[in-house]
Amino acid sequence: MVFAMQQTYDVIIIGAGPAGTSFARVAAHGGLDVLVIDKRKELGSPVRCGEGIGAHWEGKIKLPLHGGAIAYKIDGAKCFAPNGKTLKTQTPETKGYVLERKIFDKYLAIEAARAGAHILPKTIATELVKENGKPAGVKARTFDDEVLEFRAPLVVSAEGMEAKIAREAGFADAVAGLYDTDTCFEYEMANVECEPLIEIWFSNLYAKRGYVWVFPKAKDVANVGVGIGGDLNEHPKERLDKFIKAHPERFKNAEVVEVKAGNIWVGPPLKELVKDNFMVIGTAAHQVDPIHGGGMALAIEAGVIAAETALKAARAKDFSKRALGEYETRWRAAEEGKLAKRLRLRKVLELFTDEDFNRVFELLDEKDLERVLNGDFKPVVSKVLLKRPSLLKVLKALI
Ligand SMILES: Cc1cc2nc3c(=O)[nH]c(=O)nc-3n(C[C@H](O)[C@H](O)[C@H](O)COP(=O)(O)OP(=O)(O)OC[C@H]3O[C@@H](n4cnc5c(N)ncnc54)[C@H](O)[C@@H]3O)c2cc1C
């Protein structure tokens, strides 16, 4: 492919993350001529991820997880209050895996290529090409430093947080504002004892608005990271180092084997997901869980739904906003309600003081935690307010 570069396709996808390669796999399998370009020379690297994914997603994303991409199997989640009190849950929704993203992302790209998609790494999309005011392709700088123009009646932004081409296409809210962005810093560490549980540590001392996570990749290896609400005066590395220092027993033999950092959107999805000849999928479309910043599975799901819509549009030779709108309708029906509840919860949690966290953890049991995670807030809020009516001001947004 690289040696006989064609310049016209049925669809051009910008970004070979989970969203882009999932779209490419389904679209190519359905018979479309697909080009995926990514500015990275090694797909999946550098990793900007805690690498956790729920097992319940496997059915939805229509792809078995590649064995080699699974670092560790997770049996549940354990949440820590600032005073150390814990709540554990082991529902089907909290079972899952911590992945090796470098293997996982490349596996998704290989599956897309096997389905017939053309993949072009180390090639950056620099400009949206328009014809009669509508998207018609992209200009891109290849790894040979050549500037080429690729043409297609459908352009898909799977660009992740950057979303430059999506903004050029008129998706003004694809810009990531500070308030709805978490800045994250993470060490992958060896010699850290772990149970097969995702750990979530709440405390404003270490994670203003967010939390510290310990995601095990083996019984003695973990991603230890922090995400904090966008604040120019705060550096997540300092917060994470403070957390590690405060737990000397746990981390006394720990050795850092990889450093990871990145920003993730924790606000609402884009107001529109399609325009004539253009679709936005995955983190570029702000399809991310506002509580934990998880976006891999949502990105894959959006990629699959969008590709199924694109196949229909191609058969009808109609790439209008109306025809592409089926993706938006299906995706919003599947995910938007749940994500809106999670956003409300995030906005409540960001008002919590450490004292509030401690009090609430004292009052709740594991069943309550499951209810909260499932968006069933009412019985839990009533239980807390019975004992702590002073929390009404903070919790009323959940009722
Ligand atoms: C610190 C951190 C921890 C996280 N932890 C988790 C977690 O534990 N679980 C989870 O599910 N999610 C997690 N996420 C979120 C998750 O990583 C993303 O939601 C997911 O990668 C989204 O996939 P995507 O395909 O939409 O975008 P991405 O994976 O971001 O892929 C976008 C691709 O587009 C390419 N690109 C961008 N612009 C251009 C351009 N102009 N030209 C060419 N290529 C371009 C990029 O190089 C990139 O490869 C985390 C995020 C961060 C930052």
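**Close-up views of a predicted model**

**View 1. Helices α1 and α7 side by side.** Here helix α1 (residues 18–29) packs against α7 at an angle of about 30°, and their axes are 7 Å apart. Those two values are how a pair of packed helices is described: the angle between the axes and the distance between them. The crossing of α1 past α7 is right-handed. From α1, the residues taking part are P18, A19, G20, S22, F23, V26 and A27. Across from them in α7 sit M296, A299, I300, A302, G303, V304, A306, A307, E308, A310 and L311. Sorted by class, this contact has 14 nonpolar, 3 polar and 1 charged residues. Keep in mind that this is a predicted model, here and in every view below.

**View 2. The bend in helix α8.** Where does α8 kink? Follow the helix through residues 321–349 and you'll find a kink of about 45°, centred on E335. Several α8 residues are buried, namely L324, Y327, E328, W331, L339 and R346. What do they pack against? Their partners are β18 (274–275), β19 (278–280) and α7 (296–315), so α7 turns up here as well as in its packing with α1.

**View 3. Domain 1 meets domain 2.** Zooming out a little, the domain assignment splits the protein into domain 1 (2–47 + 102–176 + 267–338), domain 2 (72–96 + 178–265) and domain 3 (344–398). Between the centres of domain 1 and domain 2, taken over C-alpha atoms, there are 30 Å. Where these two touch, 10 residues of domain 1 are in contact with 8 residues of domain 2. The domain 1 side of that meeting has 5 nonpolar, 5 polar and no charged residues.

**View 4. K260 and its company.** Look for K260 in strand β17 (residues 255–265). Is K260 buried, exposed or partly exposed? Partly exposed, because it has 18 C-beta neighbours inside 10 Å, and being buried would take 20 or more. E186 is 74 residues away along the chain, yet the C-alpha atoms of K260 and E186 are separated by 5.0 Å. Setting aside residues within four places in sequence, K260 is in contact with P46, V47, R48, E186 and E188.

**View 5. A cis bond at P46.** One of those contacts of K260, P46, deserves its own picture. The peptide bond joining S45 and P46 is cis, with omega about 0°. You can find P46 in the loop between β2 (34–37) and β3 (52–54).

**View 6. Two loop residues with positive phi.** Most residues other than glycine have a negative phi, and most peptide bonds are trans. D145 has a positive phi, near 70°, and lies in the loop between β10 (134–141) and β11 (147–151). A163 has a positive phi too, near 50°; look for A163 in the loop between β12 (154–157) and α4 (164–168). Which of the two settings is which? D145 is exposed, because just 6 other C-beta atoms lie within 10 Å, whereas A163 is buried, with 27 C-beta neighbours inside 10 Å.

**View 7. L363 in helix α9.** L363 belongs to helix α9 (residues 354–363). It counts as partly exposed because it has 15 C-beta neighbours inside 10 Å. Leaving out residues within four places in sequence, L363 is in contact with K383, V384 and K387. Measuring C-alpha to C-alpha in the model, L363 and K387 are 8.0 Å apart in space, and 24 residues apart in sequence.

Technical notes. Residues are numbered from 1 along each chain as its sequence is written. This is a predicted model: local features need pLDDT of at least 70, side-chain atom pairs count only at pLDDT 80 or more; totals for chains, interfaces and linings use all residues. The bend at a residue is the angle between axes fitted to the seven residues ending there and the seven starting there. Helices (H or I, at least four residues) and strands (E, at least two) are DSSP runs, numbered from the N terminus. A residue is buried if 20 or more other C-beta atoms lie within 10 Å of its own, exposed if 12 or fewer, and partly exposed in between; C-beta atoms are placed from the backbone. Two residues are in contact if their C-beta atoms, placed from the backbone, lie within 7 Å. Axes are lines fitted to C-alpha atoms, for helices over the stretch in contact, and angles run from 0 to 180 degrees between N-to-C directions. A crossing is left-handed if the near helix is turned anticlockwise from the far one by less than a right angle, and right-handed if clockwise. Ala, Val, Leu, Ile, Met, Phe, Trp, Tyr, Cys and Pro count as nonpolar, Asp, Glu, Lys and Arg as charged, and the others, Gly among them, as polar. Domain bounds come from an automatic or database domain assignment.
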